[in-house]
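Hi there,

Here is the structure I promised to pass on to you. Have a look at it first, and then read on for what turned up in it.

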Amino acid sequence: MELTLAILKPSAVERCLIGEIISRIQKKGLIIAGMKMMHLNEKILREHYAHLVDKPFFPSIVKSMTASPVVVMCLKGVEAVRVFREMTGVTNGRNAAPGTLRGDFCMSGQANIVHASDSAENGATEVARFFKPEEIFDWMPADKDFYYGADEI
Ligand code: ADP
């Protein structure tokens, strides 16, 4: 099964949205394989957002992502990366479709409440960046037959 990284950003933590977001993740059927709170710093953000380090707005990303602790989650499922990316919606919350997390809960292109890995390769890399191996739990719900058909997993 695929792993993907979710970060509930300071804009979710400060606005008391983490319960709502976790609830949607669980109701969808994505399995929480790891979850913890941490305070990010510029070093890890330079790695995580390496594709944006040279942009003029990068200092502003660092400021917004370090404004409070975040909740990092490792989500597991069949096609978990694509599924959670689609649940998240496009980058700017003002353009994100209703029904997506960003579309329902934010108005910003920066304070956009959630990070979602964008490929299976990045999912694995990002989970390894934010979690130690022993913080990822290799478990499945006891009633997994009600999450997937037998030939899907
Ligand atoms: P996504 O998070 O949708 O994968 P990107 O990887 O392009 O999008 O950007 C990472 C994060 O950087 C965004 O979620 C957003 O918080 C921030 N960001 C992106 N573009 C801008 C911008 N033009 N100005 C300010 N912040 C931005």
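Start with R102: an N or O atom in the side chain of R102 is 2.9 Å from an oxygen atom of the ligand. Please keep in mind that this is a predicted model.

Two further side chains are worth finding on your screen. In T91, a side-chain N or O atom lies 2.6 Å from a ligand oxygen, and in K9 such an atom is 3.0 Å from an oxygen atom of the ligand. How much of the ligand does the protein bury? On its own the ligand exposes 530 Å², and 75% of that is buried by the protein.

Now zoom out a little. The ligand takes up the space of the largest pocket. Around the ligand you will find K9, Y49, H51, L52, F57, I61, R85, T91, R102, G109, Q110 and N112. Sorted by class, this shell holds four nonpolar, five polar and three charged residues.

Away from the ligand, there are salt bridges to look at. The count comes to eight. One of them pairs D104 with R24, and their closest N and O atoms are 2.7 Å apart. Where in the chain do D104 and R24 sit? D104 belongs to helix α6 (residues 101-105) and R24 to helix α2 (residues 18-28), so to speak two distant parts of the chain, with the two positions 80 residues apart in numbering.

Enjoy exploring, and write back with any questions!

Best wishes

Technical notes
Residues are numbered from 1 along each chain as its sequence is written. This is a predicted model: local features need pLDDT of at least 70, side-chain atom pairs count only at pLDDT 80 or more; totals for chains, interfaces and linings use all residues. Side-chain values use heavy atoms; hydrogens and water are left out. A residue is near a molecule or strand if one of its heavy atoms lies within 4 Å of it. A polar contact is a pair of N or O atoms within 3.5 Å; within protein, one must be able to donate a hydrogen and the other to accept it, and residues adjacent in sequence count only if both atoms are side-chain atoms. Accessible areas come from the Shrake-Rupley method with a 1.4 Å probe; for residues, only the protein chains shown count as cover. On a 1 Å grid over the protein atoms alone, a cavity is a set of points where a 1.4 Å probe fits but cannot get out, and a pocket is an open set with protein on both sides within 12 Å along at least five of seven lines; lining residues have an atom within 4 Å of a point. A molecule sits in a cavity or pocket if more than half of its atoms lie within 2 Å of its grid points. Ala, Val, Leu, Ile, Met, Phe, Trp, Tyr, Cys and Pro count as nonpolar, Asp, Glu, Lys and Arg as charged, and the others, Gly among them, as polar. A salt bridge is a side-chain nitrogen of Lys or Arg within 4 Å of a carboxyl oxygen of Asp or Glu. Helices (H or I, at least four residues) and strands (E, at least two) are DSSP runs, numbered from the N terminus.
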